[in-house]
Amino acid sequence: MTIHRIILEMGTGNDLHGEDYTKAAVRAVQDALHHSSISIFRSMDIDRESMMVEVTVGVQHPEKIDKTTIEQQIPFGSVKVNTVKGGLNVTQEEGYITVIATAAVAARLDIPEGRFTPG
């Protein structure tokens with residue numbers, strides 16, 4: 001068997017007033033998920049729980065993200081969450097910070113030999 005990346009989706013999310021890094025990260029992951037549809041599971045009769053999903057979220061304070069909450073956004077497969085410095089903080093005139101998060105969601109599958117040949 002060979003592991004193939006079957007999808008990579010990107011998303012952005014924000015928390016306008018609460019300075020909540022997890023909320024912004026959840027919205028970024030949801031944005032990425034809403035751009036994707038993986039039909040390989042039905043078409044090749046593969047169990048979607050066998051998918052390995054790696055989520056990378058960038059915010060200015062990655063230590064403030066609750067990784068368990070992010071992990072719960074992924075409906076299938078085994079999930080690994082990485083948080084990195086990225087995204088953007090925008091200080092508003094009123095003194096509060098708008099948090100902008102970016103996310104990349106990569107899904108990989110261990111596909112049996114002969115079931116798929118990459119082009």
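The following conversation walks through some parts of a predicted model.

Visitor: Where should we begin, and how many residues does helix α1 have?
Guide: Helix α1 covers residues 21–33 and has 13 residues. From its first C-alpha to its last it reaches 18 Å, close to the 18 Å expected at 1.5 Å a residue.

Visitor: Which residues of α1 are buried?
Guide: The buried residues in α1 are Tyr-21, Thr-22, Ala-24, Ala-25, Val-26, Ala-28, Val-29 and Ala-32.

Visitor: And what covers them?
Guide: The cover includes the strands β1 (2–15), β2 (52–59), β4 (88–91) and β5 (97–111), together with helix α3.

Visitor: Which residue caps the N-terminal end of α1?
Guide: That residue is Asp-20, with a side-chain oxygen 3.0 Å from the backbone nitrogen of Thr-22.

Visitor: Let us turn to β2. Which strands does β2 pair with, and in what sense?
Guide: With β3, strand β2 runs parallel, and 8 bridges join the two. With β5, the pairing of β2 is antiparallel, over 7 bridges.

Visitor: Which residues stand opposite each other there?
Guide: On the β3 side, Val-55 has Val-81 as its bridge partner. On the β5 side, Gly-58 stands opposite Thr-102.

Visitor: What about Thr-56 in β2: what does it touch?
Guide: Not counting residues up to four places away in sequence, Thr-56 touches Asn-82, Val-84, Thr-102, Ala-103 and Ala-104. Thr-56 and Val-29 are 27 residues apart along the chain, and their C-alpha atoms are separated by 8.9 Å.

Visitor: Why does Thr-56 count as partly exposed?
Guide: Thr-56 counts as partly exposed because its relative accessible area is 27%, and that class lies between the 20% limit for buried and the 50% limit for exposed.

Visitor: Asn-82 came up just now. Is Asn-82 buried or exposed?
Guide: Asn-82, which lies in strand β3 (residues 78–85), is buried because its relative accessibility is 18%, and the class requires a value under 20%.

Visitor: What does the side chain of Asn-82 join up with?
Guide: A polar contact of 2.7 Å links the side chain of Asn-82 to that of Glu-54. Beyond its neighbours within four places in sequence, Asn-82 is in contact with Glu-54, Val-55, Thr-56 and Val-57.

Visitor: One last topic: where is Thr-68?
Guide: Thr-68 lies in helix α3, which spans residues 67–71. This residue is partly exposed, with a relative accessible area of 47%.

Visitor: How many residues apart in sequence are Thr-68 and Ala-107?
Guide: Thr-68 and Ala-107 are 39 residues apart in sequence, and 18 Å apart in space from C-alpha to C-alpha.

Definitions and conventions: Residues are numbered from 1 along each chain as its sequence is written. This is a predicted model: local features need pLDDT of at least 70, side-chain atom pairs count only at pLDDT 80 or more; totals for chains, interfaces and linings use all residues. Side-chain values use heavy atoms; hydrogens and water are left out. Helices (H or I, at least four residues) and strands (E, at least two) are DSSP runs, numbered from the N terminus. Buried means under 20% relative accessible area, exposed over 50%, partly exposed in between (1.4 Å probe, protein chains only). The expected span of a helix is 1.5 Å times one less than its number of residues. Contact means heavy atoms within 4.5 Å. A polar contact is a pair of N or O atoms within 3.5 Å; within protein, one must be able to donate a hydrogen and the other to accept it, and residues adjacent in sequence count only if both atoms are side-chain atoms. Two strands pair if DSSP finds at least two bridges between them.
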